[in-house]
Amino acid sequence: MKIKLIILILVFIFQITYSQELIQGKYIWGKIAKAVTFSSNLLRGTENKMASIKPFDVVHYRLDARLAMINAGFEGTMNIKVLITNATDSLLLHSVGLNFTSLTVNEIPASYSMFPTIETFSVRLPRVFTAGETLRVNINYIRDLNFPRPIYNKQGYYWFAKDTANKIEENIGYTMSEPIDARMWMPCYDDPSDKATCEINATVPIGYDAGSNGLLVGVTNNPDSTVTFRWREDLPITTYLMVISASKYSKFSQYYRRITNPSDSIEIINYMWKMDSAGTTWNARQAFSKVPRMMEVFSTIFGEYPFAKYGHAVAYPFYYGGMEHQTLTTVHRGWLSVGAYPFYDDWIAHELAHQWWGNLVTCKTWPDIWLNEGFATYSEILWREFNFGIQSRNELLKRYTMFADASWKFAIYDPQSQGIPLFTWNVYSKAAWVLHMLRYLVGDTAFFNILNNYRDTYNHSSATTQDLINIVNSTTGVNYDWFFNQWIYGKGWVKYAYQTSWNSGNNKFTVTIQQQQDANWPTYKMPVEIKFFWQWNDSIITVWDSLRLQSFDFTLTSQPDSIQIDPNNKILKQIDPIFTSVLDDESQIYGFKLFQNYPNPFNPATNFQFSITDNQLTSLIVYNILGQEVATVISEVMQPGIYTISWDASGLPSGVYYYKIINRNFTETKKMILLR
C-alpha cells in the first residue's frame, strides 16, 4: 500500500479530524503523482516485451551500498547472479540515473550500452551462454545527483537533512521503489515477476543505523568511522520490495509467538527517532502495540507468517503512508500520532497482510496489482472481523464503499490501459469488495480454502488474475469465470431498483428487480437475498438475478408489509428508489400507482414514489397503526408524471405506519415500518 499524503511536505497530524482527511488521500494520492511521471508505454509496453523474451532468471543480488548521510550521496557495488534459461550473448537489465564506473562478467571487463529513454542497459557477454549456465555481473556505480528527478517522487533513494523547524529530527535516507524505481538506486531486473534472494550491506557513518530485508547477519565497525550493517534475505524477493532505511534511529523489539510453534518467536524490529518511541505527540510503542496480535490473526487465517522477521521503519518526510517492503515496512511518521490512535491500525494491518499478499505471493504483472492491494485491503476487513467482530467489520466495509470515487467506474484489472493511474481506490477498496462477494458466493469454507491453495501454489513466486481464477475453479469444482468477467474485467457495479405487487386471489407476491447501471457496464448475475417483513416476523429468500429486468413470484400466506433487497449487504450495489421502465414499450405509462416506500424498514427517512395522470389535488398522508393521521407529506395540485418525495419521521416512535395517496380518481394505501 503506497499512500500519498495530502500535501508534499505534510503538516503533522495532531488530531483525528486531520486523520479523517488522510483517508481520502490514502490511495488516490498514493500513486497518481508517481504513476504519471513515467511513460505508460515503459511500464506496459517495453517491460512486458522484456519479460516475454528474457533468456535468464536472476538468482541472487548482493548490494554493497555506501550512504553518505550528510547529503544524498549513494555509491554501490551490485553483484547479480544470473541463471541462463535460453542461449544468449547479452543481458538486458534496468538502470536509470546511475553512473557506472566499472562492469565485469565473471570478473572479466565487459562492454555495455545504456538506453536512458527506456531505463535499461545491455551487457555484452564474453561468449554465448547456454541454458543451465550461471554467471555473475558485477557493477560499481554512483547515483547521479545531477540526474533530473521530480522533487517529491520517482527518486528511488530519498535523503533529507535534519531540520527540526520542519519536524525532521535527524538526517534520514531511505529507498522507495514501487512500482519500477528500484532501478534508480541499483542496477537490477526491475519486474515483479522476477524474484531472487538478496544480501544488502549498508554502510553509514557511525551513529547511524540501517535496516533492510531479512535477518541482520553482522555489524562491522570500519576504520573510516563508518559502520556496515549486513542483511540477508534467504527467501525470494522482487526488486520493488527491497529496501534500505537509515537514520539516527532508536529501536525497540516486539515478539510474535508462532501459532504453529509457540516456543519459536519472530522478532518485530521497529526503527524510529528517539523522541517518537513513546512520546506525547508520536508514540511508536502505542501505534505498533497490536502488531503481534495482528500477526497471530493473519497466521491463523492465511497460514503461518512466512518470513524470518518483521518490523517497521518510520520515515519523515515520506510522500506515502506505508510501503510493505519485505520484512521491514516503511510507514509515515503520522501513523504514530497519539491524537489519532487507533485510527491507523487498519493501515498497519494492511501493510502486514502484504507480507502474505504481495510479498509471499506477488502480482506477476502490474495490470494484476489488485491481487496485492485488494487482498491486503480485504485483510483489514478480516482483521476487524476476527479480532473485533462482525459489526466492526461492517463499519469498515461501509467506509470502503466509495461509489463517488471516479476510479470505481473502471474495471479493476489493468487500470492504466483504461487511462487511470495504477494505484487508485479501484484496486484497493473496490477489489476488496469483490473478494467479500466471492466469499459470499462460495461460502466461508471454500473461500478460505481458496486462499490457502492460492498461497500454497504461488508462495515465493508470482501470480496473475487468471492464476487466481484457476485456483477458485479447481478448489470449488465450479466455473466462476463469469464472476470475474463481471467484477474484475467489467466496469462499474450493479444498480438495483425494484417494485412489488400482490395478488390476493392466489396469494402471489411478485418482486420485479431491474438492473439500472450504465449500458456499457455488465449485466450482473448474482444470488440476491430478499428479506420479507410482516408485523411479527420476517424471512429471507435467495433468488438468482441475471437479467436487466426480472420478476420473481412467491406464494405467501399473507402480503408482506415490506421487503428489503440484499439486507446483509453482501453485494456491491446501489439501490435506486426510482424504478425506470425498460419494457419493450418504453412509452408505457404507469397510470395512477403508489409504489412501496424505500428504504423500508427505515430510520428516520424514507422515499415515497407514485404516478398520476391528471391535474388534480393530490394528497399523501401518513397514519399510525390506530388510524390517526401523523403527517401530511404533500397536498397540492400536481401535473401528470412520476414523483419521488422524501419524508423524515424524526420524532415518531418505532412501529407500523400506513401511507395513503388520495386523488379524485385514485386512492391507495401501503404499509411501512419505522425501526429505531
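**Helix α5.** I began with helix α5, residues 291-302, in this predicted model, and asked how far its twelve residues should reach. At 1.5 Å a residue the expected span is 16 Å, and I found the end C-alpha atoms 16 Å apart, which agrees. I then listed the buried residues of α5, which are V291, M294, M295, V297, F298, S299, I301 and F302. Looking for their partners, I noted that these buried residues pack against the strands β16 (250-257), β17 (265-272) and β18 (309-315), and also against the helices α6 (345-353), α7 (370-388) and α10 (444-458). Just after α5 I came to G303, which takes a positive phi of about 105°.

**Nonpolar cores.** Next I turned to the largest nonpolar core, which has 178 residues, and looked up which of them touch the most other members: they are Y61, F288, W370, Y454, F483, F484 and W487. Helix α9, residues 425-442, gives the most to this core, with 13 residues. Apart from it I found another core, of 20 residues, with F602, F610, W647 and F666 among them.

**Residue N372.** Last I went to N372, whose place is in helix α7, and asked whether N372 is buried or exposed. The relative accessible area of N372 is 0%, and because buried means under 20%, I entered N372 as buried. Setting aside residues up to four places away in sequence, I recorded that N372 touches Y240, H354, W357, G358, V361, T362 and C363. For C363 I also noted a polar detail, since its backbone nitrogen lies 3.1 Å from a polar atom of the N372 side chain.

Methods: Residues are numbered from 1 along each chain as its sequence is written. This is a predicted model: local features need pLDDT of at least 70, side-chain atom pairs count only at pLDDT 80 or more; totals for chains, interfaces and linings use all residues. Side-chain values use heavy atoms; hydrogens and water are left out. Helices (H or I, at least four residues) and strands (E, at least two) are DSSP runs, numbered from the N terminus. The expected span of a helix is 1.5 Å times one less than its number of residues. Buried means under 20% relative accessible area, exposed over 50%, partly exposed in between (1.4 Å probe, protein chains only). Contact means heavy atoms within 4.5 Å. A nonpolar core is a set of buried Ala, Val, Leu, Ile, Met, Phe, Trp, Tyr and Cys residues joined through side-chain atoms within 4.5 Å. A polar contact is a pair of N or O atoms within 3.5 Å; within protein, one must be able to donate a hydrogen and the other to accept it, and residues adjacent in sequence count only if both atoms are side-chain atoms.
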